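Dear colleague,

I am handing over the structure below, and after it you will find an account of what turned up when I went through its side chains.

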Amino acid sequence: MMHEEKLLGLMKPLGGGDPIPLKKKEMTVGRRPSSDIRLDFENISGRHCVLSFINGTWHVRDLGSTNGTKINGQKLNRVQGIMPDDELAIANHLFHIEYEPAAPLMDSQHFLEEEEAIKEGDTHKPTSLMELAGFSESKRPKAKQEPPRVKSDSFAPADREAFPEPDPVDPVEEQTEAQGPSSAPLEDDDFFKLIEEEVRHDRR
């Protein structure tokens, strides 16, 4: 006994016609015989759009068709969810998709965008409630850290240029300045004169 596929919805033409059962979670719509849902009209592209049942909600994505896909008169430029009362236009052919949504449209849209990102090579998915709410580890406030203390003898060469050391003092010049101008070296003639004056003083 074959297992009967579960009916996920009905795609009903608004201009009259038989409803199309939706039994697969992804169904291509187009003019090609290989399409899951074949619409044999001249204004329908070979691969026109794709219907995806994600997280309990039907979504539609245009596949670069010539005459476009619209929801409630708005042309699609990305994946978009379809509610039962929305009007789906494939070229100029109008449909309603009758089903019972199992999840809010916003949540299912987010889920589908995550799936599309994985298909395109972005393997990152939010793994925590904080990330799903829009926060990440990099945005968490970090604990305040004190600046490292710098030792007085650990300046880099650039710091030493900013604070140059005083020029070394010549010990001879320092001693000369301490003695003052009166303690300048004596000449030979002056030295003999001083001796004569001392001798005269002693005789007195």
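Phe-53, Trp-58 and Tyr-99 are joined into a cluster by ring pairs. Please keep in mind throughout that this is a predicted model.

The aromatic pairs in the structure number two. In one of them, Phe-53 and Trp-58 are tilted with respect to each other, with ring centres 5.1 Å apart and an angle of 50 degrees between the planes. The other pairing to describe is that of Phe-53 with Tyr-99, which counts as edge-to-face because the planes stand at 80 degrees, the ring centres being 6.4 Å apart. The cut-off that matters for that assignment is an angle over 60 degrees, whereas the limit for pairing at all is 6.5 Å between centres. Since Phe-53 belongs to strand 5 (residues 49-54) and Tyr-99 to the loop between strand 11 (93-98) and helix 1 (105-119), this pair ties together parts of the chain that lie 46 residues apart in sequence.

As for the surroundings of these rings, Phe-53 is buried, with a relative accessible area of 15%, and Trp-58 is likewise buried, with a value of 0%. Tyr-99 is buried as well.

The next residue I would point you to is His-48, which sits in the loop between strand 4 (37-38) and strand 5. Is His-48 buried or exposed? With a relative accessible area of 0%, His-48 is buried, the threshold for that class being under 20%. A polar atom of the His-48 side chain lies 3.1 Å from the backbone nitrogen of Ser-45. When neighbours within four places in sequence are set aside, the residues in contact with His-48 are Val-29, Gly-30, Asn-43, Asp-62, Leu-63, Ser-65, Gly-68, Thr-69, Ile-90 and Ala-91.

Turning to charged side chains, how many salt bridges does a search of the whole structure find? The search finds three, and I take them one at a time.

Lys-12 and Glu-98 form one of them, with 3.0 Å between the closest N and O atoms. This pair links distant parts of the chain, given that Lys-12 is in strand 1 (residues 9-13) and Glu-98 is in strand 11, 86 residues apart. Lys-12 is partly exposed, at a relative accessible area of 29%, and Glu-98 is also classed as partly exposed, at 38%.

Another salt bridge brings together the side chains of Asp-36 and Lys-24, at 2.9 Å from N to O. Asp-36 is placed in the loop between strand 3 (26-30) and strand 4, while Lys-24 is placed in the loop between strand 2 (20-22) and strand 3, so this pair ties together parts that are 12 residues apart in sequence. Asp-36 has a relative accessible area of 33% and is therefore partly exposed, and Lys-24, at 37%, falls into the partly exposed class too.

The side chains of Asp-40 and Arg-38 meet in a salt bridge as well, with an N to O distance of 3.9 Å; the limit applied to such pairs is 4 Å. Asp-40 counts as exposed, at 53% relative accessibility, whereas Arg-38 counts as partly exposed, at 45%. The boundary that separates these two classes is 50%.

With best regards

Note on methods. Residues numbered from 1 in each chain as written. Predicted model: local features only at pLDDT ≥ 70, side-chain atom pairs only at ≥ 80, totals over all residues. Heavy atoms only, no water. Phe/Tyr/Trp six-rings, centres within 6.5 Å; stacked < 30°, edge-to-face > 60°. Buried < 20%, exposed > 50% of the residue type's maximum accessible area, 1.4 Å probe, protein only. Helix = DSSP H or I, 4+ residues; strand = E, 2+ residues; numbered from the N terminus. Polar contact = N/O pair within 3.5 Å; in protein donor to acceptor, adjacent residues only side chain to side chain. Contact = heavy atoms within 4.5 Å.
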